[in-house]
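I opened the model to look up two helix residues and the enclosed spaces. My notes follow.

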Amino acid sequence: MEVFYYLVFGFLAAVVAGLELSKNNKDRINTSQPFNSFKNNYLLVYSLMMAGDWLQGPYVYFLYSQYGFSKGEIGQLFIAGFGSSMLFGTIVGSLADKQGRRRACVTYCITYILSCITKHSPQYKVLMLGRVLGGIATSLLFSAFESWLVAEHFKRGFDQQWLSLTFSKAIFLGNGLVAIVAGLFGNFLVDSLNLGPVAPFDAAACFLAIGMAVILSSWTENYGDPSENKDLLTQFKGAAVAIASDEKIALLGAIQSLFEGSMYTFVFLWTPALSPNEEDIPHGFIFATFMLASMLGSSIASRLMAHSSPKVESYMQIVFVVSAASLLLPIVTTFLVPAANVKGGSISFSGCIQLLGFCTFEACVGIFWPSIMKMRSQYIPEEARSTIMNFFRIPLNIFVCIVLYNVNAFPITVMFGMCSIFLFVASILQRRLLVIADKPKSEDWNAMKERDAEAEPLNVA
């Protein structure tokens, strides 16, 4: 069965290479030299930031287990990270809009570096602090950088369509190539150089420090709503009003939460799904294969977004249906493929089928990221971009915390079935978004601010 892994990896690599090399002028977006310099600078920073994130991922659980913590204690540490992201995410998002996105990106680097430093301590309280810092950093990673990019892109007068090029390249590099290289580099540090499980965290801190230096030396500041008299509560209220008054923003938030919730649940489930009888599977190689599938998805997305048709709102319906079907495979194979009763050994025939389905799901993830970024750039008001984006992450983090807390309470097929249902619901909501996509907003952001300002004296009286 070992040959099977190489065949899947080789096939995906060949398809990705073929797609990238076969691009013609119709599949490319004609841009300018100033934009290319701007794009390459952002891609460098984003790749360094993602390298700092990906280096840590495979070794967090392993490090905690090496320190002697039980599965339950490790679960609590993970819940603390997602809970921190949920509680503090909206606050740091609002501060990013008010105090500056560049400053928020620098804060991400400092916070994540501090989180990496805590990994040197075997003390549970110190590690818990590190998870809290990591949760705050994650909120900034998935809001501040994108908010800075979108604002700076339009501030410099670049064409809106060019934004999709930056998004697709960022996912292709940061969530694909960099993830693969980071996984191999982390494996080299831990296994080949025998530097121990803390080494990837030290390497991550170095990459984050380099990225912070690039940000400080080459990025300019931009803001959402920098008005002096606006406190955090007012910003939260404004963001909530924007979501409630514009169905497109509300739909986008629901779609994002449903898909990302399923995606993060999949992260916890794929290992037991592929090795239900403790089969010996190459986790690192499978992870690299998943990232290659994600690169395939982002390559497909870049081709789709280079054309005016089909619209993002249209093809994402199909993506959600395909992703839902791919996560049904563990349930289907349970009924159709005889279960192996032998402990250990190599991956089973059922596992091989599921692996192909999981690669399909990861390809959908690769399409999802640049596509959702493009839709967010179209529908979310600039003044509260980071705040609203972190509002979207609240239901996501609640869901992931519930799943983590009850991960042993339900059979794995039930969990996959739940994720599949969520993805089918996302496709229905995406259909609704397509229908109303061209409708004007019911009330723009400036009108809401003026209305609130007029109403405020009455509230005081």
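By class, how many nonpolar, polar and charged residues are in the lining of the second largest cavity? I found 1 nonpolar, 4 polar and 3 charged residues there. Ala, Val, Leu, Ile, Met, Phe, Trp, Tyr, Cys and Pro count as nonpolar, Asp, Glu, Lys and Arg as charged, and the others, Gly among them, as polar.

**Ground rules.** This is a predicted model: local features need pLDDT of at least 70, side-chain atom pairs count only at pLDDT 80 or more, and totals for chains, interfaces and linings use all residues. Residues are numbered from 1 along each chain as its sequence is written, and side-chain values use heavy atoms, with hydrogens and water left out.

**Second largest cavity.** I noted a volume of about 30 Å³ (the space filled by probe spheres set on grid points joined across faces, edges and corners). A cavity here is a set of points on a 1 Å grid over the protein atoms alone where a 1.4 Å probe fits but cannot get out; lining residues have an atom within 4 Å of a point. The lining is Glu 20, Lys 23, Ser 168, Lys 169, Phe 172, Ser 298, Ser 299 and Ser 302. Helices α8 and α12 (283–305) each give two or more of these residues. Helices are DSSP runs (H or I, at least four residues), numbered from the N terminus. Domain 1 (38–223) and domain 2 (230–440) both contribute to the lining, so this cavity lies between them. The domain bounds come from an automatic or database domain assignment.

**Largest cavity.** I counted 4 cavities of 30 Å³ or more. The largest has a volume of about 120 Å³. Of its 16 lining residues, Tyr 46, Leu 141, Phe 142, Glu 146 and Met 373 are the closest to the centre. The lining has 11 nonpolar, 1 polar and 4 charged residues. Helices α2 (33–54), α7, α8 (160–192), α11 (247–274) and α15 (349–379) each supply at least two lining residues. Domain 1 and domain 2 each give at least three.

**Two residues of α7.** Is Glu 152 buried or exposed? Glu 152 is buried (under 20% relative accessible area, 1.4 Å probe, protein chains only; exposed is over 50%, partly exposed in between), because its value is 2%. This residue sits in α7 (residues 144–155). Beyond neighbours within four places in sequence, Glu 152 is in contact (heavy atoms within 4.5 Å) with Phe 38, Thr 220 and Asn 222.

Phe 154 is also in α7. Phe 154 counts as partly exposed, because its relative accessibility is 36%. With the same neighbours set aside, Phe 154 contacts Gln 160 and Leu 163.

Methods:
1 Å grid on protein atoms, 1.4 Å probe; cavity = no way out; pocket = protein on both sides within 12 Å on 5 of 7 lines; lining within 4 Å.
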